[in-house]
Amino acid sequence: MPRWLRSGRVIVGLLIVLAVLSCALFAPLLAPHDPDEQDLLATLLPAAWQAGGDPAHLLGTDGLGRDVLSRLMFGARVAMTVALVASFGAMAVGSVLAYVAGYLGGWADWLIGRAVDVWMSFPPVILSLILMTGLGTGASNVILAIVLVDWTRFCRVLRSEVLVVARRDYVAAARLVGFSHWRTVTREIVPATIPLLVTLLTLEMGIAVVVEAILSFVGLGVKSSQIAWGQMIADGREAIYQAPWNLLAPVAAIFITVAGFNMLGDGLRRSLDVRMVEGRE
Amino acid sequence: MVDLSRRTLLQTAAVGALAGAMPAQAAEADGVTIGWPSDVTSWDPNQRFTPDAQAIFKMVFDQPLDQDPKLKLVANLVSKWEMAADARSLKLEFRDDVLFHNGDRMTSADFRWTFFERIKAGHKVDIAQSFRKVTDIETPTPTTAIMRFDSPAPTVPVWLAFLGSFMVPKAYMEKVGVEGFSAKPVGTGPYKLAEYQLNARIVLERNDAYWGPKPKLRRVTIEIIKDPSARVAAVQSGQVDITVGVPVREVARLKAMPNLAAELNPITRVILLQVRNDEGFADQNIRLAAHHAIDKKALSQAFYAGAAVPLSVPATPGSPGYLDDYSFAYDPELAKQLLAKSGFGPDKPAKIRMASTNGQFPSDYDMARAIVQMWKKVGIEATLEVIEYAKYFELNRGNKLPEATLYSFDNATGDPEIYTGYLLNPKLPFSPWKDMGLGQKVIDQFNVADETARIAGWRALNREAAEMGATLPLLQSVQTLVRKKSLNYTPYGNGWLLGQTMSWS
Amino acid sequence: MILLATLGRRLLVAVPILLVVSVLLFVALRVLPVDPAAMSMPPNATRDEIEGARRQMGLDRPLPEQYAIWLGHAVHGDFGRSIHLRRDVLPLIGQTLPGTIELAVCAMVVASVLGLAGGLLLFSLRGRAAEAVAETGTTLLMSIPEFLWALLFIFVFGVLLQAMPFTGRLDPGLERPVVTGFLLLDALLVGRVDVFRSAAVHLLLPAVALGLAFAPPIMRVLRSSLLDVYHEDYIRQARLRGVSETRILLRHALKNAILPTLTLMGVQFGFLFGGSLLVEVIYSYPGMGNLMVDAVRNADLPIIQLVGLTYCVVVLLINSLVDGLYLVLNPRLRKR
C-alpha cells in the first residue's frame, strides 16, 4: 500500500468524494423520483420525519413540488462535473505557465509574473462575477470562468517550486547530458512537482464546488434547466420558514463535498510532504 | 433649504412652532415605517419610469391628475380638463392655492416647464416619450394651459396621472439644476423629503402647507428592503409597520399572528406570455395548444394561494378592456388535438424556447417552470432561459426574444390602450408579435378619438388577439401586503401604498 | 519612514497594474451582449432616439477611442454616469464603500482573533491526542465558505431563535448620522449609544459569518510557524536560561511566528474584501457588493467598471500596507 493511502484523512476524504461521485453517476438509479417532476398540489412538504411530511419525499418537496432528495442527487452531477473539469483546466493553464516561467526565467517569467499580479489584484468573487456577466450562464461558461480565475493559484505556488527544482543538480546534469528543454522539463521537473500538483488539484476541486454554488446562487451559474445546489439554495431561501430542508439540504451537500476534497487534499499534503502556503480563494 | 424667501421664512417659523410643541422623537402614533422593495432611481420624478417608485413620488410630488382608489381619473393639481373633440388639444385649469415645498406658488408655467420645456431643453427624462405628441403648451393665464398635439392623443389625461408625470418647479429647477434638484427635491406633495440614504431609507415629514387634505401621520419612514424574506422578518419583528411584496406563501403564516393583518390584493398588473408570430410559434395551432395546455387555476392555487384571477384577455377584471363574457378554456385534450393537426404530439414534441425573469415579480420563475411542465404533457418542449427584466426590451428590439416570454405588465391607469395597445403594438418595444395584420389594427386604434368607440375597439381587439393566439394572458397579479392590525390604509386598485392615507386606530 | 517608502514604492507598482486592469475591464464589459444605449432609454423610446443616445454616449466609436475618452475623464475624477440610476458613479462608490470597509474590517478582526486564538490552541495541543481531532476540526471549518455561514446564521439566529436582525445596517426608525460614512464611528462621534448598539448588532452576523470563513487558514499558519520557530536555537537557549514556557511562547516564539501569519492575513484580507459581496447580498447590507450585483443585473457598465476597479484599488492598497508592515516588523529584511 502506498504511503499516501495509509493516511486516515486521505481515506475518509476519498470515501466522501467517491460517495458524492457515485451519487452523481448513478443519480438516475438512486433518486426516488424524477427530479423535474412537479406536483403543484404538494409543494413545500416538510421532511418525512416532521409533522405533515410524506414518507415518499424524505427531505420534502420544493416550491414546485419536486423531490428535494432527488434534486440533491442530480445536483451532484453539475457540482462534480464542474469540480473535475474546471480544476483540471485551471491546473493545465496554471501549471504550463508556471513551468515556462520557472524554467525559462527572464522575460517569460517577468511577463507571467505580472499577469499573476494583475489577476491577484482582483478578488476572485468579483472577477468571476464579471466574467459570467460577459460569458452568460451555462455549465461550460462556469468552468471557463473558474479556469480563467483560478489558474493563478496553480501558477503562483508551482512557479516557486519549479524554481527550486530547476536549480537541483540532476536537472543541471540532464541539461549537460544534452537533454532538450522539453525533455528536461517533462522528465525531470514535472515528476518532481507532481505531489504538489495533485494536492493543489484536490483543494481546487473543493473551491470549484463552492464557486459553482455561489454563481448559481446569484443566478449567474448553470442554465436554469440544470439542477444545481446553488440554485436549490436560492430557491430554498424563499421558503426558509415553511420548509427549511430546501435550504439546509443543499447547504449540507456543499459542505460535505467540499470537506471531502479538503480532507483528501490535506491528507495528501501531509503524506506527500508538500510544503505550500495556505490560504483560501 | 437654499435661498429662503420671506414667505418661506414665515412658513418655516410656523412649522417650527408646531413641531416644537410635539415630542422630539416621533411617537408610533405619529409616524409609520414602510418596508418597501426598491429605492427611487432618482429624486427627479420625471426621469425614470419605475412603477415601484410611483407611490413614493406620490407622497412628495403631485400629478396634474390623480386616480382614486378605484382608479377613476380625478382632479388633482388640475381642477378641470377638457379634451377637444378631435383629441388634438387639451384644455387644463389649475388650482390656484398650491405651493411648492420651498414656498413658490405652482402655476401653469411649471406645467409648461415639466411637460414641454424640460423635454425640449434636452433633459434626459422618460416622460419625453410619453408626451411625444405635444407640439406646444400655451399658458394664457397662471391657472390655465392648453396642450397641443400633432395627432389625436385621447389618452393624454390618463398619462397626466401615470408614470413619471409629476409637477416640478420651474424656477427652483432652473436655479439649482437637475443635479441640485435631485439632491434636494421640491414638490407640492403632502410630504417633504427630510432624509435620504441611497438604497437604505427615505424619511418624509408632513408638509403642513399642503393644499389638499392633511395627512394624519407626521412622519413616514420608508425602509428599502430588497430581499423578500428580509421584509417578512422586518414586519414580523415589528421593525416596519407595513410592507408589500412578501412571498405569497408567507401570507397565510403571517395572517395567523395576533397583531398582524396579511392580505392578497388584486392589482392592475397582468401576468401573461408575450409571444412571437413566427419561428416555433408561426403555426396558430401550436400557439393555441400552448394556451389550452396551461392550467391557470392550478398556477394561481400553487403560487398565489388562489387569489390571482385567471385571465383570458390582457386586461384586469373591472377595467374597461375586460370581457366578462369571454373565457379561454383550460383543455389539455384540445391542446393535444390541435398539436396532432400540425403533426406534433408527446412523442414528437413541438420545440420552442421560453424566457422568464427570476424575482421580477413573485413566483415568476416557479410559474415559468410549471408552465414548461404543463406543455411537456401535451407535446410542447420548451427550453427555459432566465433573462433580466431590463433585457426584455433590448432583446425585443433586436427581434431576439424567444417564442414565449413570461411577462408582467403593470398598467396603473387600467386604460385598455396601455394594456393591449402597448403589449401588442409592433411599433413599441413591448410586443414580440410583429405581424402587421393584427398590428395595424392596434396602431389604428390609438387614433380613435370617440371614447365609447375607442373602448369598444379595444375590447374587440382583446378577443381577437386571444382567439388567434397572439397573446396568452395568464393571471391578474396580486399584491401581497402585511401590516400591523391597528394600522389603517387605503388600498388602491393599482397597488399604490400612500402615507397620506394611513392612520392608527 | 521605511513604511512610507515601501508604501510609496508599492503604490507606484500598483499604477500600471490598475491601468491594465482598467483596460481588461473595459474590453471585457464592451463585449457583453447588452446594449447600454438601449438600456438607458425608457421602454417606449423609438429606434432613432436610441441611436441618438448611442452617439451621445460615444458607443459608436472604435473601442480604443472609447477607452481613451474614458481614461481622459477618469484622471479628472469623472467616471461617467450610471446608465440605470442616471447619476454620477463616483458618489455612489463614496456612499457604499465605507459600509463595505466597515464590514470587511470587522470581519477581519473576527478572523484575526479567532485565527490567532485557534492557532495558539492548535499549537498548545501539539503531541496530544486531541490534536488530531482539532486538526480535523479546522479542515471541516475550512470547508464552510462565508455564504454558507451567512445562510446558516440567518436560519439559526434569525429564523429559529429570532434573536438577531439580519437585514440592513440599522433598525428602522433610527436616524443615521452621516459624518464619515462609517456607521459605528459616526455613532460614536455624535454620541448616539442607541445607534451604535443597533449598528453593532446588525453587523454581528455578517461580520462573524465572513470572519469565520477566513479564520482557519490563519490558525494553521500560526500553528505551523510556531512549530518551525520552536526548532530554532534561541528557543532552546531561552529554555536553558530558565524562561517560563508561557513567556517563551508569548515573548520569543510569537514575535517571530507572527510574520508569516501577518503576510497571510494581508492576502486573506484581500479575499475577504471580495467575499463581502455575497454576505452583503444575503444580509441586504447596503454596501458596494449590493451595488455591484444590482449593476450586473441591470448591465450598468459604468458602475460595474468603477466598482471592479475600486475592489482592485483596495486590494492593492492592502497588499502594499502589509508589505510595509512586514518590513517594519522584520528588520532583518531591511538590510538586504
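According to UniProt, in an unreviewed entry, the annotation "transmembrane region" covers residues 12-32, 101-125, 146-164, 195-215, 257-283 and 303-329 of chain C, where UniProt positions are given in the numbering used here, feature names are shortened, and annotations may be inferred rather than shown by experiment. The structure is a predicted model, in which local features need pLDDT of at least 70 and side-chain atom pairs count only at pLDDT 80 or more, while totals for chains, interfaces and linings use all residues. Residues are numbered from 1 along each chain as its sequence is written, and chains are lettered from A and ligands numbered from 1 in the order in which they are written.

Two of the annotated spans of chain C can be described in terms of helices (DSSP runs of H or I, at least four residues) and strands (DSSP runs of E, at least two), both numbered from the N terminus. Residues 101-125 of chain C are 96% helix and 0% strand, and the end C-alpha atoms of this span lie 35 Å apart. For residues 146-164 of chain C, the helix content is 79% and the strand content 0%, with 18 Å between the end C-alpha atoms. Chain C as a whole contains 14 helices and 0 strands, and its C-alpha trace spans about 85 × 55 × 40 Å along its principal axes. Of the 336 residues of chain C, 44% count as buried, a residue being buried if 20 or more other C-beta atoms lie within 10 Å of its own, exposed if 12 or fewer, and partly exposed in between, with C-beta atoms placed from the backbone. Two residues are taken to be in contact if their C-beta atoms, placed from the backbone, lie within 7 Å; among contacts in chain C between residues at least 6 apart in sequence, 73% join residues at least 24 apart.

One helix pair of chain C illustrates the packing. Helix α11 (residues 245-282) of chain C and helix α12 (residues 288-298) of chain C pack at an angle of about 80 degrees, with their axes 7 Å apart; axes are lines fitted to C-alpha atoms, for helices over the stretch in contact, and angles run from 0 to 180 degrees between N-to-C directions. The two helices, α11(C) and α12(C), are therefore roughly perpendicular to each other, given that angles under 35 degrees count as roughly parallel, over 145 as roughly antiparallel, 65 to 115 as roughly perpendicular and the rest as oblique. On the α11(C) side, C:S276, C:L277, C:E280 and C:V281 meet C:G289, C:N290, C:M292 and C:V293 in α12(C). By class, this contact of α11(C) with α12(C) has 4 nonpolar, 3 polar and 1 charged residues, where Ala, Val, Leu, Ile, Met, Phe, Trp, Tyr, Cys and Pro count as nonpolar, Asp, Glu, Lys and Arg as charged, and the others, Gly among them, as polar.

A nonpolar core is a set of buried Ala, Val, Leu, Ile, Met, Phe, Trp, Tyr and Cys residues joined through C-beta atoms within 7 Å. In the largest such core, of 330 residues, A:I146, B:A289, C:A150 and C:L272 touch the most other members. When residues up to four places away in sequence are not counted, C:A150 touches C:P206, C:A209, C:L278, C:V279, C:I282 and C:Y283.

For chain A, the unreviewed UniProt entry lists residues 76-265 as "domain: ABC transmembrane type-1", a stretch that is 85% helix and 0% strand, with its end C-alpha atoms 20 Å apart. The annotation "transmembrane region" in UniProt covers residues 78-104, 125-149, 196-222 and 243-264 of chain A. Residues 125-149 of chain A are 88% helix and 0% strand, and their end C-alpha atoms are 9 Å apart, whereas for residues 196-222 of chain A the helix content is 81%, the strand content 0% and the end-to-end C-alpha distance 30 Å.

Chain A contributes 36 residues to its contact with chain C, which contributes 41. The elements giving two or more residues to the chain A side are α4 (106-120), α5 (124-135), α8 (181-217), α9 (229-238) and α10 (245-271) of chain A, and α10(A) gives the most, with 9 residues. This side of chain A divides into 23 nonpolar, 7 polar and 6 charged residues.

Two loop residues have positive phi values. In A:L44, a residue other than glycine, phi is near 50 degrees; A:L44 is found in the loop between α2 (27-30) and α3 (68-104) of chain A, and counts as buried because 22 C-beta neighbours lie inside 10 Å. In B:L71, also a residue other than glycine, phi is near 80 degrees; B:L71 lies in the loop between β2 (65-67) and β3 (73-75) of chain B and is buried, with 22 other C-beta atoms within 10 Å.
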